[in-house]
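Let us take a walk through this structure together, one neighbourhood at a time. Keep the 3D view open and turn it as we go.

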Amino acid sequence: MVPPLPQGPQRSLHILHLEDSELDHQLVCRALRKDKLAFQITRVDSLLDFSQQLAEQAFDLILADYRLPGFTALDAWSLLQASQARLPFVLLSGAIGEPAAVAAIQMGISDYLSKDDLQNLSRVIASALEVFKAKTAEARAVSELASSERRLAHFAQHLQTAIENERASIAREIHDDIGGSLAAVRLDLAWIARHGQSTEMKEHAATANDMLQHAIGASQRIMMNLRPAILDQGLYPAIQWLAESFQRRSGVKTSLVTNHPGMQCGKAIQLTTYRTAQEALTNISKYAQCSEVKIDLSDAEGVLTLEISDNGAGITAEALNNPTAFGIRGLKERAKVAGGWLDISTRPGHGTTVILTIPLDEASTTPTEADFL
Ligand SMILES: Nc1ncnc2c1ncn2[C@@H]1O[C@H](COP(=O)(O)OP(=O)(O)OP(=O)(O)O)[C@@H](O)[C@H]1O
Ligand SMILES: [Mg+2]
């Protein structure tokens, strides 16, 4: 029983037959007719005709004798691979020996059938077409997935750039507008404090000055979070500043070590590393309930590594896969855009370590669009 051909009975199968014997060709035609297969077949017996036919016509399948005058089916297979065409390719030959048949299948040739076995030809053709169709669909799915991942990565990169630019512009406005006004108010308050007649007035001026100092401190902190100007002094001083302010705010003992305080890297990498440390510390203050945080920033053999460990609650698999949490997912995307990767090592009850790794050479060749700010 011959399985139905994938194309359906209404469409006739177009076969390219590489065969130097007209008699063998006729036997093939007879075997296919016997199985009531609707087909058209074109015979060629040279490599030149083979490539010409491939270029001129659309075929569904190739049947190829193994040994032909001056070449073998493997040469035709190589020609097919070099061309744009992708077709199922069945060896139909006299005895070629098992090792040659296995080698041919390993090279990607669809199937092998002996000429003594023509009663199975339609079955072999149907199965070669079926397998080819499945492989084509799989290859298409893989390529669509890859291109959708590429689009997503571009989108993530675009989003990161837009967010950083927006942050920088808000920081500038706070600096120029609010910062400028607060500085002017401070001068006036100092004037009032100096020239005020009553003690009451001086007391009010002093209280207003305290509030003003608070507002100035807050606006500087907000600016720093939005656009870390401290990065201009280098990555290590910036991470040091983050660690110190984290310890001050949270009361959690925080240590920072590095093998290279003066390390240099591109702006995009600096910012990625800084934001990673920032998000990891924010997560620690929100969830870890820990007593100690260790940060290690190192630069060895052209690879930058940032490790932030806490001895807190650890992360459960559910929390890590939470679809509404974007912090860690965003860090992974950022790391990828910078040419690196982010790992999380954690065990519930035994703390969490966030590890960012960026090969500096590779990363420095990433697009300049990533060099935001
Ligand atoms: N250091 C940590 N210790 C314990 N749990 C953590 C730690 N870091 C992250 N988590 C857990 O992992 C989850 C995912 O973190 P992630 O930063 O992706 O999201 P989020 O902080 O909840 O939200 P977002 O960052 O989007 O504001 C958190 O909800 C928290 O449950
Ligand atoms: Mg978070």
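A polar contact here is a pair of N or O atoms within 3.5 Å, and within protein one of the two must be able to donate a hydrogen and the other to accept it. With that in hand, and remembering that this is a predicted model, find Thr 353 and Ser 309: their side chains are joined by a polar contact of 3.3 Å. Thr 353 sits in strand S12, which covers residues 352–359. Its relative accessibility is 16%, so Thr 353 counts as buried. Leaving aside residues up to four places away in sequence, Thr 353 touches Glu 307, Ile 308 and Ser 309, along with Asp 343, Ile 344 and Ser 345.

Ser 309 is a good handle for moving on to the neighbouring strands. This serine, in S10, is the bridge partner of Lys 294. Strand S10 (residues 303–310) pairs with S9 in the antiparallel sense, and eight bridges hold that pairing. On to S8: residues 253–258 form this strand, which runs parallel to S9 (residues 292–300) and is joined to it by six bridges. Between S8 and S9 the chain passes through helix H8 (residues 267–288), and the resulting β-α-β crossover is left-handed. If you would like a landmark for the parallel pair, look for Thr 258, which stands opposite Leu 297 in S9.

Now pause at the turn of the hairpin. Two residues lie between S9 and S10, and here Glu 301 takes a positive phi near 50°. Why does that deserve a look? Most residues other than glycine have a negative phi. Glu 301 is exposed, since its relative accessibility is 82%. Lys 36 offers another example: this residue is not a glycine, yet its phi is positive, at about 60°. Look for Lys 36 in the loop between helix H1 (22–34) and strand S2 (39–44). With 74% relative accessibility, Lys 36 too counts as exposed.

Helix H8 brings us to the ligands. Which residues coordinate the magnesium ion, ligand 2? The donors are Glu 279 (OE) and Asn 283 (OD1), at 2.0 to 2.2 Å. These two residues are four apart in H8, so about one helical turn separates them. An α-helix has 3.6 residues a turn, so residues three or four places apart point the same way. Is each of the pair buried or exposed? Asn 283 is buried, at 17% relative accessible area, whereas Glu 279, at 22%, counts as partly exposed.

Asn 283 also leads to ligand 1, because one of its polar side-chain atoms lies 2.8 Å from an oxygen atom of that ligand. A polar side-chain atom of Tyr 287 lies 2.6 Å from a ligand 1 oxygen, and a polar backbone atom of Gly 327 is 3.2 Å from an oxygen of the ligand. In total, 15 residues surround ligand 1, and the closest are Glu 279, Asn 283, Tyr 287, Phe 326 and Ile 328.

Ile 328 takes us into our last stop, helix H10 (residues 327–337), where Ile 328, Leu 331, Arg 334, Ala 335 and Val 337 are buried. What do the buried residues of H10 pack against? Their partners are helices H5 (121–195), H8 and H9 (317–320), together with strands S11 (341–346) and S12. After H10 comes Gly 339, with a positive phi near 85°.

Note on methods: Residues numbered from 1 in each chain as written. Chains lettered and ligands numbered in written order. Predicted model: local features only at pLDDT ≥ 70, side-chain atom pairs only at ≥ 80, totals over all residues. Heavy atoms only, no water. Pairing = 2+ DSSP bridges. Right-handed = clockwise from strand over helix to strand, strands pointing away. Donors = N, O, S within 2.8 Å, 3.2 Å for Na, K, Ca; no water. Buried < 20%, exposed > 50% of the residue type's maximum accessible area, 1.4 Å probe, protein only. Contact = heavy atoms within 4.5 Å. Near = heavy atom within 4 Å.
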